[in-house]
Amino acid sequence: MNIDRLVFAIAGTFILLSLALAQTHSSYWLWFTAFVGANMLQAAFTGFCPLAKILKALGVKAGNAF
C-alpha cells in the first residue's frame with residue numbers, strides 16, 4: 001500500500017471514528033472531524049500533508065499525489 005492510499009484510509013477512519021464518538025460521548029468530537037476535513041482541503045491546494053510526511057519518514061512507498 002502506498003502513501004496516497006494510506007492517507008485516505010487513515011483520514012476516513014478518523015472521520016468515522018470521530019462521528020461515532022460524537023454520537024456516543026460528546027458533540028465536541030465533531031471538532032476533530034472538522035480538523036481532518038480542513039487538513040484534507042489544505043492538502044488538496046498546497047500538496048503538503050503532515051501525515052504523508054510522517055509515512056514517508058517511516059519508509060512507506062510513495063504514491064502519485066504525495
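Is His25 buried or exposed? His25 is exposed, at a relative accessible area of 62%. I shall return to that residue after an overview of the chain.

Good morning, colleagues. The structure above is a predicted model. The mean pLDDT of the chain is 94, and 98% of the residues reach 70 or more. Confidence is highest in helix H1, at 96, and lowest in helix H3, residues 50-57, where the mean is 94.

Let me begin with the fold. The chain contains three helices and zero strands, and along the sequence it reads α-α-α. The C-alpha trace spans about 35 × 25 × 15 Å along its principal axes. The chain has 66 residues, of which 20% are buried. If we take the contacts with a separation of 6 or more, 58% of them join residues 24 or more positions apart. The surface that the chain exposes amounts to about 4,900 Å², and 70% of that area is supplied by carbon and sulfur atoms.

I turn now to the start of the chain. Asn2 sits in the segment before helix H1, which covers residues 3-24. Is Asn2 buried or exposed? Its relative accessible area is 19%, and the cut-off for buried is under 20%, so Asn2 counts as buried. The side chain of Asn2 is directed to backbone atoms at two places. One of its polar atoms lies 3.2 Å from the backbone nitrogen of Asp4. The side chain of Asn2 also reaches the backbone nitrogen of Arg5, at 3.0 Å. Beyond the residues up to four places away in sequence, Asn2 touches Val60, Lys61, Ala62 and Gly63.

Asp4 itself belongs to helix H1 and is buried, with a relative accessible area of 10%. From Asp4 we can return to His25. The two residues are 21 positions apart along the chain, and their C-alpha atoms are separated by 31 Å. His25 is located in the loop between H1 and helix H2, the latter running over residues 30-46. A second distance from this loop concerns Lys53: the C-alpha atoms of His25 and Lys53 are 32 Å apart, with their positions 28 residues apart in the sequence.

Next, a residue of helix H1 that is in contact with residues further along the chain. Ser18 lies in helix H1. At 1% relative accessibility, Ser18 is counted as buried. Which side chain makes a polar contact with the side chain of Ser18? The partner is Thr33, and the distance is 2.4 Å. For the computational chemists here, that is the value as computed from the model. Setting aside the neighbours within four places in sequence, Ser18 is in contact with Trp29, Phe32 and Thr33.

Helix H1 also contributes to the surface. Leu16 is in helix H1 and, at 58% relative accessibility, is exposed. The cut-off for exposed is over 50%, which is why Leu16 is placed in that class. Leu16 forms a nonpolar patch on the surface with Leu19 and Leu30, and together these residues have about 270 Å² of accessible area.

In helix H2 I would point to Gly37. Its relative accessibility is 33%, so Gly37 counts as partly exposed. Gly37 and Asn2 are 35 residues apart in sequence, and the distance between their C-alpha atoms is 21 Å.

Finally, helix H3, where Leu55 is found. With which residues is Leu55 in contact, leaving aside its neighbours within four places in sequence? They are Ile3, Leu6, Val7 and Val60. Leu55 is buried, with a relative accessible area of 8%. As for its position relative to Ser18, the C-alpha atoms of Leu55 and Ser18 are separated by 22 Å, and the two residues are 37 apart along the chain.

To close, I would recall three points from this predicted model. The side chain of Asn2 reaches the backbone nitrogen of Arg5. The side chain of Ser18 makes a polar contact with that of Thr33. Leu55 is in contact with residues including Ile3 and Val60. Thank you for your attention.

How values were computed
Residues numbered from 1 in each chain as written. Predicted model: local features only at pLDDT ≥ 70, side-chain atom pairs only at ≥ 80, totals over all residues. Heavy atoms only, no water. Helix = DSSP H or I, 4+ residues; strand = E, 2+ residues; numbered from the N terminus. Buried < 20%, exposed > 50% of the residue type's maximum accessible area, 1.4 Å probe, protein only. Polar contact = N/O pair within 3.5 Å; in protein donor to acceptor, adjacent residues only side chain to side chain. Contact = heavy atoms within 4.5 Å. Patch = residues over 30% accessible without salt bridge, like charges linked within 9 Å, V, L, I, M, F, W, Y side chains within 5 Å. Areas by Shrake-Rupley, 256 points an atom, 1.4 Å probe, with all protein chains shown as cover. Salt bridge = Lys/Arg side-chain N within 4 Å of Asp/Glu carboxyl O. pLDDT = per-residue confidence, 0-100.
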